[in-house]
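Student: Could we go through this structure together and check the reasoning behind the labels we put on it?

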Amino acid sequence: MLCCALALVQASCRTIQFDHRDLTEVTQPISAAPPAMAPPVNAPPQPAAPPPHRLTARRTAQLQPAVEPAPSRWLHSNGELDRDVESTSLSQRLQLPPDLPGARAPHIALPEFDPENPGQRSRVIDKLFPDLPPVWPLEIPRPTPERPAMSLRQLQDLADQYNPLLIQARANITSMEGLAIQAGLHPNPVVGYEADTVGSSQNRNYQGMYVSQLVKTANKLNLARSAANVDVINAQLALRRTRMEVFARVKRNYFAVLVAQENVIVTSALVRLAEEVFRIQRSRLKTAGEAAGFEPGQLRGLADVAKTQLVAAENTYVGAWKAMAAEMGLPRMPIAPVAGRADMPVPVVNYEAALARMLSVHPDILIGRNMVTRARYVLRLEEVTPIPDLVLYFTAQKDFTQPGARSTSYNTQVGLPLPIWNRNRGNIISARGDLIQATQQIRRAEMDLTAQLANTYNQYSTNRITVQYYADKILPDYARAYRGVYELHQLQPELIGFEGIIVAQTNLTQAIASYIIALNLQWAAVAELSYLMQVESLEEMAALGGGREPPAPEPILPPPRAGAGPNPGGGRP
């Protein structure tokens with residue numbers, strides 16, 4: 001397997017070889033003297049040129065780019081190459097455009113290696129490739145007996161206590177309870193002073209008090225209170241939904257902190273590896289020219305790129321903690337140790353179990369059902385509204401029209417409005433439309449939630465398998481491949497060139513970055529899945545989600561029978 005991997009790396013890194021004329025043209029400097037004329041016929045034979053340095057010949061043959069075919073704009077209409085382009089040297093055509101960043105960097109010119117005096121070459125190399133500056137380390141807090149690590153449950157409790165959205169949701173319940181109380185109260189009676197026929201007999205006439213009362217009929221107050229009680233229940237469900245939303249966001253940020261912490265640790269290790277490879281290659285360049293002059297520069301560039309990734313990882317860690325603290329309602333909370341690991345086991349959830357749980361307990365579904373009940377109460381209330389309410393009136397007066405008599409008289413009235421012109425038809429029609437909308441709200445909520453669950457479960461299942469593959473197979477394979485390529489390059493550089501190290505190191509770095517991305521997406525999907533299933537902890541999610549791997553899908557076509565088809569033997573044709 002190692003030989004196959006090495007063969008693949010070598011094949012992927014192999015470049016197109018030059019023609020010997022192009023190679024001569026590349027290796028000669030632009031200001032070189034013109035080529036010598038052919039020797040005369042009678043001239044003595046010239047001694048054979050010494051063989052080129054093993055490293056120079058191999059590096060030049062492997063690392064110089066192939067000659068590109070002339071673009072169409074360099075051809076005449078008859079298909080011949082332009083003489084000006086043909087006369088231009090390959091070195092001039094391969095010059096970097098000066099507008100590219102870094103194109104004006106001076107060329108590397110190293111003195112020849114002198115075994116008796118290696119100090120001069122070492123000083124030049126140290127000046128060209130100095131030691132890499134350190135990156136300011138980020139101190140990730142560690143748990144102590146005085147300051148233990150905070151669990152996810154503790155973080156959720158803080159959010160439950162300090163998040164303003166939850167405080168508002170609880171206040172909304174109180175508001176709905178007050179409206180429900182108010183909706184069922186009878187109208188207050190009206191009490192007043194009344195005087196009749198004043199001035200008709202040149203006396204005080206009739207003086208007294210009156211009281212009137214509006215009496216609600218047809219069970220209108222109970223219907224109004226029942227509709228308001230449904231609003232109270234929906235406010236309680238809204239609090240539950242908001243609580244789960246806040247907890248899901250806390251989970252998402254909590255997992256983001258764990259993944260960012262893991263990313264800082266992994267990227268720090270990559271920086272140390274890149275720096276060590278750079279120092280090794282620089283040492284090889286100092287001793288007998290065992291490396292090309294550009295190799296330490298390329299490795300130093302990879303180390304610098306790793307450092308920028310480390311800075312990004314540290315900033316991501318700090319940002320994730322600040323986002324989590326803000327979600328808990330404590331935006332100024334300092335960074336504290338967090339319990340858990342980014343690679344801890346993920347709860348296994350079956351889609352059908354998650355769907356059944358969501359459709360049975362999600363507040364959007366329950367609120368939709370309650371809205372149907374409320375709409376029926378409101379419709380019935382609008383239907384009985386035209387039934388007249390009774391108006392009761394009673395007065396007691398003192399008769400002052402006859403001096404000395406001073407008798408007491410009583411008056412009573414009972415009235416009601418006649419529903420002739422206004423029978424509340426418009427409100428009844430509107431209430432019927434609201435009932436139809438409420439009945440469809442359940443289906444709408446089911447559709448929206450099912451679509452969300454489908455997308456979330458897709459992200460959850462895909463990234464969960466992706467993380468497993470990276471952790472168990474891909475990253476170990478890339479690590480073994482990198483070690484094998486580097487060790488073989490040390491032993492047999494003519495078999496594995498320097499470009500093989502670059503490719504192996506780049507592949508390992510990219511695989512680790514993909515692993516971190518998959519971890520983030522996996523835990524974000526777990527947090528969203530916990531909200532859809534309305535669970536608070538990972539243990540509850542695993543218990544309600546099936547707790548086992550989903551069954552393998554059935555094959556679309558049945559497997560071929562033994563002896564059937566063009567290859568009855570079952571072996572390779």
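Tutor: Gladly. Let's begin with a definition: two strands pair if DSSP finds at least two bridges between them. Keep in mind that this is a predicted model.

Student: How do you know that β2 and β3 pair?

Tutor: The cut-off is at least two bridges, and β2 and strand β3 (residues 390–399) have 10 bridges, running antiparallel. Along this pairing, Tyr-210 stands opposite Thr-395 in β3, and Met-209 has Ala-396 in β3 as its bridge partner.

Student: What makes β3 and β4 a pair?

Tutor: Again the count of bridges: 8 of them join β3 to strand β4 (residues 408–415), in the antiparallel sense. One of the partnerships is that of Tyr-393 with Gln-413 in β4.

Student: Why are β1 and β4 called edge strands?

Tutor: The open sheet has 4 strands in the order β1-β2-β3-β4, with antiparallel pairing. β1 and β4 each have a single partner strand, so one side of each is left without a neighbour in the sheet. From one strand to the next, the twist averages 20 degrees.

Student: Which residues make the nonpolar surface patch?

Tutor: Val-191, Tyr-193, Met-209, Val-211, Phe-394 and Tyr-410 make it, with an area of about 640 Å². β1 (190–196) and β2 are the elements that give two or more residues to this patch.

Student: What makes Val-191 exposed?

Tutor: Val-191, which lies in strand β1, has a relative accessible area of 59%. Exposed means over 50%, so Val-191 earns the word at 59%. A patch residue needs over 30%, and the 59% of Val-191 meets that cut-off too.

Student: Let's turn to the rings. Why is the pair of Tyr-351 and Tyr-457 called edge-to-face?

Tutor: Two values decide. The ring centres of Tyr-351 and Tyr-457 are 5.4 Å apart, and the limit for a pair is within 6.5 Å. Their planes stand at 70 degrees, and over 60 counts as edge-to-face, so that is the name for this pair. The whole structure holds 6 aromatic pairs, and Tyr-254, Phe-255 and Trp-523 form one aromatic cluster.

Student: What makes the Tyr-351 and Tyr-457 pair a link between separate parts of the chain?

Tutor: Tyr-351 belongs to helix α11 (residues 351–361) and Tyr-457 to helix α13 (residues 425–491), so the pair ties together parts that are 106 residues apart in sequence.

Student: Are these two tyrosines buried or partly exposed?

Tutor: Buried means under 20%. Tyr-457 has 13%, so it is buried. Tyr-351 has 23%, so it counts as partly exposed.

Student: How do you know that Arg-153 and Glu-536 form a salt bridge?

Tutor: The cut-off is a nitrogen within 4 Å of a carboxyl oxygen, and the side chains of Arg-153 and Glu-536 meet at 2.7 Å, N to O. Arg-153 is in helix α7 (residues 152–162) and Glu-536 in the loop between α14 and α15, so the pair ties together parts that are 383 residues apart in sequence. Arg-153 is partly exposed at 33%, whereas Glu-536 is buried at 17%. Both belong to a network of salt bridges that also links Asp-157, Asp-160, Arg-170 and Arg-243.

Student: What makes the contact between Glu-383 and Arg-380 count as a salt bridge?

Tutor: The distance from N to O is 3.4 Å, which is within 4 Å. Glu-383 and Arg-380 are 3 residues apart in helix α12, so about one helical turn separates them. A search of the whole structure finds 17 salt bridges. Among them, Asp-364 pairs with Arg-241 at 2.6 Å, linking helix α12 (residues 363–384) to helix α9 across 123 residues.

Student: Why is the phi of Asn-219 worth a comment?

Tutor: Most residues other than glycine have a negative phi. Asn-219 is not a glycine, yet its phi is positive, about 60 degrees. Asn-219 sits in the loop between β2 (206–215) and α9 (220–286). Gln-534 also has a positive phi of about 60 degrees, and its place is in the loop between α14 (498–533) and α15 (538–544).

Student: Which of the words buried and partly exposed fits each of them?

Tutor: Gln-534, at 2%, is buried, and Asn-219, at 43%, counts as partly exposed.

How values were computed
Residues numbered from 1 in each chain as written. Predicted model: local features only at pLDDT ≥ 70, side-chain atom pairs only at ≥ 80, totals over all residues. Heavy atoms only, no water. Phe/Tyr/Trp six-rings, centres within 6.5 Å; stacked < 30°, edge-to-face > 60°. Buried < 20%, exposed > 50% of the residue type's maximum accessible area, 1.4 Å probe, protein only. Patch = residues over 30% accessible without salt bridge, like charges linked within 9 Å, V, L, I, M, F, W, Y side chains within 5 Å. Areas by Shrake-Rupley, 256 points an atom, 1.4 Å probe, with all protein chains shown as cover. Axes fitted to C-alpha atoms, helices over the stretch in contact; angles between N-to-C directions.
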